[in-house]
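These are my notebook entries on one structure. I set down in turn what I looked up and what I found.

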Amino acid sequence: MNTFNSGEAELFTEKFIQNPYPTYAKLRETDPVHQVRFPDGQKGWLITDYEDAAAVLKDQRFIKDYSKLFGGTMDQMSVFTQNMLFSDPPDHKRLRGLAQKAFTPKMISGMRNRIQEIADDLLKEMENKKTVNLIDDFAFPLPISVICEILGVPVEDRDKFRLWSNSLIEGTSGEIGVSVYEHMTQFIQYLGEWFAKVHEQPGDDLISNLIIAEEEGDRLTQKELYGVVSLLIIAGHETTVNLIGNTVLALLAHPEQQQKLREQPELIAQAIEESLRYNGPVEFSTSRWASEDMEFQGKQFQRGDLVVVSLNAANHDPEKFNDPEVFDITREKSPHLAFGMGIHFCLGAPLARLEGEIAISSLLERFPKMKLAVDESELAWRPGMIVRGVKEIPLIIE
């Protein structure tokens, strides 16, 4: 059990998952660099204020490669850590450089029309229904279709990717069971078979480019290929699914902001930025470890200590943001941490932003009278220590 020193509140409870922000406010006030036991049983440090969060994200003494401290990889799950998200310089630069070619500003802007087509097709399928599940009918299929096209994997396999992705991400709640390992085995097997096809007949998609490309004279190893592609499939849609869902919930809960956006559609980019700050799709950073004994904000960190940043807590820090609990789509561009900071800043951020802008604009235009079919308190938030989003959003759209 995790409690504040004052014993006032608890972390990682059902109540916390439903609305963590009051808990974060108390933590920032009492102990922003807080020692906790995470849901998977590990002890570590949770960072909740903006200044310290930014410092941790940028400080390369906090490393991502677990094996540097604790030896070799542990099990088959380790294949999913052989990528830029879980690596440190110099490997990080090489791995990120290979994947970054598909996410240049020119490449992303060139996808605008295709993303709009996918969104329009999905909305057209929803038109004749009185109620829809926004997640299943729109928020999930839009970004997974886009990333599948970028990578060159069959869009018809998207439901498999969703199952595998959910299993890997929600398994971080500490409830890792046999099914998680079964799903990861299936995922690895699928990728292996797909890589074999691409070796035989490469195309002009990203997987083909990764298999044959060289960056500074260095190719991806087989494990790195698995790691990078699995990261792109999972991260390439998870962030946007929850960005779309959380933005819709915020707009429905603040009808005056929704009306303002309808009247001034040019505010869409600001609205997406405010949604990222207000209730971001990624709740916590991925794990970092102290590479040496050090003092950090008056606390003694030991070599090997686990350190996790609450991105959403930092984005509600009143020392950095005026009226942080207010959802305001006219807020000036804010230095939120929704996509991280430093060398691990999210590679797909420009794509997620573009998908979010197109999705929300198109949805508001097509269904101006949409409303929740249930009370917001009935929505089930996803478990786990990474994403923040709801499992379903039932909407009345007639």
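**Entry 1: the largest cavity.** How do the residues of the lining of the largest cavity divide into nonpolar, polar and charged? I note beforehand that the model I am reading is predicted. I counted no nonpolar residues in this lining, two polar ones and five charged ones. I then listed the lining by name: Q270, E273, E274, R331, E332, K333 and S334. I looked up the space inside the largest cavity and found about 30 Å³. I also searched for cavities of 30 Å³ or more, and the structure holds one.

**Entry 2: the second largest pocket.** I turned next from the cavity to a pocket. The second largest pocket has a volume of about 360 Å³. I found 17 residues in its lining, and N19, Y21, Y278, N279 and E376 lie nearest the centre of the pocket. Which elements give two or more residues to this lining? I found that they are α2 (21–30) and α13 (222–253). I recorded that α13 gives the most, with four residues. I sorted the lining of the second largest pocket by kind as well: eight residues are nonpolar, six are polar and three are charged.

**Entry 3: the hairpin of β1 and β2.** I looked up how these two strands are joined. Strand β1 covers residues 33–37 and strand β2 covers residues 43–47; they run antiparallel, with five bridges between them. I followed one bridge from Q35 and arrived at its partner in β2, W45. Between the strands of this hairpin I found five residues. I checked the backbone at G41 in the hairpin, and G41 takes a positive phi near 100°. I add a general remark for my own use: in a regular strand, side chains alternate between the two faces of the sheet.

**Entry 4: the three-stranded sheet.** In what order do the three strands of the open sheet stand? I read the order as β4-β10-β9, with antiparallel pairing. Why is one side of β4 and of β9 left without a neighbour in the sheet? I reasoned that β4 (131–133) and β9 (371–372) stand at the edges and have a single partner strand each, so one side of each has no neighbour there. I then examined the pairing of β4 with strand β10, residues 394–396, and found three bridges in the antiparallel sense. Within this sheet I noted that N133 stands opposite P394 in β10.

Definitions and conventions:
Residues numbered from 1 in each chain as written. Predicted model: local features only at pLDDT ≥ 70, side-chain atom pairs only at ≥ 80, totals over all residues. Heavy atoms only, no water. Pairing = 2+ DSSP bridges. 1 Å grid on protein atoms, 1.4 Å probe; cavity = no way out; pocket = protein on both sides within 12 Å on 5 of 7 lines; lining within 4 Å. Points joined across faces, edges and corners; volume = space filled by probe spheres on them. Nonpolar A, V, L, I, M, F, W, Y, C, P; charged D, E, K, R; others polar.
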